[in-house]
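Thanks for making time this morning. I would like to walk you through one pocket and two individual residues, so please keep the structure open while I talk.

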Amino acid sequence: MCIRDRYKVAMKSILSSLAKANKIFISQGLEVGSPKTTEMAGLLKKIGFDKGLLIFKELNENLILSSRNIPNIEVTEINSLNPVSLLKHKAIIFSLKSKL
């Protein structure tokens, strides 16, 4: 079994276990208009998400800047997703625009 196959198996296994535990959520346009941490923190508090991984198809500067100072929140692109990030977080939000 090559490394690429092991990577795919690991990703499927981790995502499957998170799905069984109801720890994967889908958002409908989780975006911020300005690069303000308070705006992103307020949005996450409004949906009840205080710890976890936010996955987007593409990151823009506002998402990066508004989320970097929030503790226990990591923002990443779908192309940069890896098993370590999935294991590190107990809950995941996929942006609706992300490819699942």
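I will begin with the pocket and then turn to the two residues. Please bear in mind throughout that this is a predicted model.

The pocket I have in mind is the second largest one, and its volume comes out at about 160 Å³. Its lining includes Phe25, Ile26, Leu43, Lys46, Phe49 and Ile93, and if we sort the lining residues by character, we find seven nonpolar, three polar and one charged. As for where the lining comes from, strand S1 (24-27) and helix H2 (37-47) each contribute at least two residues to it.

Let me move on to His89, which sits in the loop that runs between helix H4 (83-88) and strand S4 (92-95). Is His89 buried or exposed? Its relative accessibility is 11%, and because the cut-off for buried is under 20%, His89 counts as buried. The side chain of His89 makes a polar contact of 2.7 Å with the side chain of Glu74, and, once neighbours within four places in sequence are set aside, His89 is in contact with Leu18, Gly52, Leu53 and Glu74.

The other residue is Leu96, in the segment after S4, and with a relative accessible area of 52% Leu96 is exposed. Not counting residues up to four places away in sequence, Leu96 touches Ile26, Ser27, Gln28 and Gly29, and these four residues also appear in the lining of the second largest pocket. Lys46, another lining residue, has its C-alpha atom 18 Å from that of Leu96, with their positions 50 residues apart along the chain.

Technical notes
Residues are numbered from 1 along each chain as its sequence is written. This is a predicted model: local features need pLDDT of at least 70, side-chain atom pairs count only at pLDDT 80 or more; totals for chains, interfaces and linings use all residues. Side-chain values use heavy atoms; hydrogens and water are left out. On a 1 Å grid over the protein atoms alone, a cavity is a set of points where a 1.4 Å probe fits but cannot get out, and a pocket is an open set with protein on both sides within 12 Å along at least five of seven lines; lining residues have an atom within 4 Å of a point. Grid points are joined across faces, edges and corners, and a volume is the space filled by probe spheres set on the points. Helices (H or I, at least four residues) and strands (E, at least two) are DSSP runs, numbered from the N terminus. Ala, Val, Leu, Ile, Met, Phe, Trp, Tyr, Cys and Pro count as nonpolar, Asp, Glu, Lys and Arg as charged, and the others, Gly among them, as polar. Buried means under 20% relative accessible area, exposed over 50%, partly exposed in between (1.4 Å probe, protein chains only). A polar contact is a pair of N or O atoms within 3.5 Å; within protein, one must be able to donate a hydrogen and the other to accept it, and residues adjacent in sequence count only if both atoms are side-chain atoms. Contact means heavy atoms within 4.5 Å.
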